[in-house]
Amino acid sequence: MPTKMLPIPTADGQADAFAAFPDDGERHPGVLMYADGFGIRPVLREMARELAGHGYYVLVPNFFYRHGPAPVVELPEHIGEEARTAVMSRLMPLIEAHTTERTLRDADAYLTFLTAQPETSAGPVAVTGYCIGGLLAVRTAAAHPGQVAAVAGFHAPVGAAGPDTLRRLSAKVHFGHAETDLTSEGLGELNQTLDAAGVDYTSEIYPDTVHGFTMADTDAFNPAALQLHWDHLLPLLGRTLANC
């Protein structure tokens with residue numbers, strides 16, 4: 001499985017990014033994958049490689065590139081609760097500085113770069129993300145309705161995008177929420193917004209999960225929920241990108 005680090009030119013500088021894609025000489029549909037707040041690291045590279053193995057060109061940008069190359073904050077091999085508190089105290093100012101305006105400027109650059117790669121096929125792309133990356137994925141998809149055919153977010157604060165952004169989603173959608181992130185009432189309100197907008201979606205709380213359940217290098221990791229994530233994500237991409 002070929003992988004490489006690539007520089008993406010943006011309006012505000014240059015973002016470093018990880019790319020993985022099949023080694024078959026063919027062109028494959030593009031998937032923009034937004035990491036969680038901890039950024040590009042071994043577990044994200046492995047997830048990108050796994051997704052690429054199903055026939056996709058996967059691009060994982062360092063959306064904190066304005067503060068340096070990934071990892072912008074030193075990370076332990078395993079991010080336990082004690083380490084998480086210390087790391088998040090350093091990451092929160094970066095997260096708060098990553099405004100919607102920055103997100104949309106960067107999304108333009110990421111999608112332009114992704115679709116220009118010689119290994120990427122013509123046609124629509126998909127966007128997926130984890131934690132804050134899921135919020136970035138939603139904002140990206142809403143801003144590029146003719147280009148993004150599918151969007152997925154996992155243990156992500158997707159409601160923070162706001163009703164106006166959610167109503168602009170024309171892509172097919174899957175949201176997988178953690179039990180600790182969203183109440184059943186909150187899920188109902190989110191889904192009502194999507195229903196009213198006519199969005200083609202699935203949105204559910206994954207059982208027995210806490211925030212961060214897909215990430216194998218954290219205490220939040222839930223192997224069954226990670227598999228459920230693949231069980232939803234892969235069919236979504238298959239339905240929307242199969243003919244690309």
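Where is the place of Asp208? I looked this up before anything else, and I found Asp208 in the loop between β8 (201–206) and α7 (223–241). I note here that the model I am reading is predicted.

**Entry: backbone oddities**

I checked the backbone angle of Asp208 and read a positive phi of about 55°, although Asp208 is not a glycine. Most residues other than glycine have a negative phi, and most peptide bonds are trans. I then asked whether Asp208 is buried or exposed. Asp208 has a relative accessible area of 63%, so I wrote it down as exposed.

I found a positive phi at His155 too, about 35°, and His155 is not a glycine either. His155 sits in the loop between β6 (148–154) and α5 (163–167). Its relative accessibility is 1%, and because buried means under 20%, I entered His155 as buried.

Next I looked at a peptide bond. The bond from Ala70 to Pro71 is cis, and its omega is near -5°. Pro71 belongs to the loop between β4 and α2.

**Entry: Thr214**

I went back to the loop between β8 and α7, since Thr214 lies there. Is Thr214 buried or exposed? Its relative accessible area is 1%, so Thr214 is buried. I then listed its contacts, leaving aside neighbours within four places in sequence. Among them are Met47, Tyr130, Phe154 and His155. Phe221, Leu226 and His229 are also in contact with Thr214.

**Entry: strands**

I followed strand β1 (residues 3–10) into β2 and found a hairpin that joins them through 2 residues. β1 and β2 pair in the antiparallel sense, over 8 bridges. As one example, I noted that Thr3 has Ala20 in β2 as its bridge partner.

β2 also pairs with strand β4 (residues 57–61); these two run antiparallel and are joined by 4 bridges. Here I noted Ala19, whose bridge partner in β4 is Leu59. How many of the 8 residues of strand β2 (residues 13–20) are buried? I read 6, so β2 is largely enclosed by the rest of the structure.

**Entry: helix α1 and the core**

I listed the buried residues of helix α1 (residues 42–52): Val43, Leu44, Met47, Ala48, Leu51 and Ala52. I then looked for what covers them. The cover includes β2, β3 (30–34), β4, β5 (125–130) and α7.

The largest nonpolar core has 81 residues. Which of its residues touch the most other members? I found Tyr34, Val58, Leu59, Leu169 and Leu237. I chose Tyr34 for a further look. Leaving aside its neighbours within four places in sequence, Tyr34 is in contact with residues including Pro61, Phe63, Ala107, Tyr110 and Val127. Its contacts also include Tyr130, Leu136 and Thr140.

**Entry: pockets**

Rolling a probe the size of a water molecule over the atoms shows where empty space is left. I began with the largest pocket, which holds about 210 Å³ of space. It is lined by 13 residues, and Gly37, Arg84, Met88, Cys131 and His211 lie nearest its centre. Helix α2 (residues 81–97) gives the largest share of this lining, 3 residues. By class, I counted 6 nonpolar, 5 polar and 2 charged residues in the lining of the largest pocket.

The second largest pocket holds about 150 Å³. Its lining includes Ile40, Arg41, Pro42, Val43 and Arg45. Pro71, the residue after the cis bond, is in this lining too, as is Asp217. I found 6 nonpolar and 4 charged residues around the second largest pocket, but no polar ones.

**Entry: cavities**

How many cavities of 30 Å³ or more does the structure hold? I found 2.

The largest cavity has a volume of about 70 Å³. Among its lining residues are Ala35, Gly37, Phe38, Asn62 and Phe63. Ala70 and Pro71 line the largest cavity as well, and these two share the cis bond noted above. The lining has 9 nonpolar and 3 polar residues, with no charged ones.

The second largest cavity has a volume of about 30 Å³. Phe63 and Phe64 are in its lining, along with others including Tyr65, Arg66, Leu94 and Arg102. I sorted that lining into 5 nonpolar, 2 polar and 2 charged residues.

Terms used
Residues are numbered from 1 along each chain as its sequence is written. This is a predicted model: local features need pLDDT of at least 70, side-chain atom pairs count only at pLDDT 80 or more; totals for chains, interfaces and linings use all residues. Side-chain values use heavy atoms; hydrogens and water are left out. On a 1 Å grid over the protein atoms alone, a cavity is a set of points where a 1.4 Å probe fits but cannot get out, and a pocket is an open set with protein on both sides within 12 Å along at least five of seven lines; lining residues have an atom within 4 Å of a point. Grid points are joined across faces, edges and corners, and a volume is the space filled by probe spheres set on the points. Ala, Val, Leu, Ile, Met, Phe, Trp, Tyr, Cys and Pro count as nonpolar, Asp, Glu, Lys and Arg as charged, and the others, Gly among them, as polar. A nonpolar core is a set of buried Ala, Val, Leu, Ile, Met, Phe, Trp, Tyr and Cys residues joined through side-chain atoms within 4.5 Å. Buried means under 20% relative accessible area, exposed over 50%, partly exposed in between (1.4 Å probe, protein chains only). Contact means heavy atoms within 4.5 Å. Two strands pair if DSSP finds at least two bridges between them.
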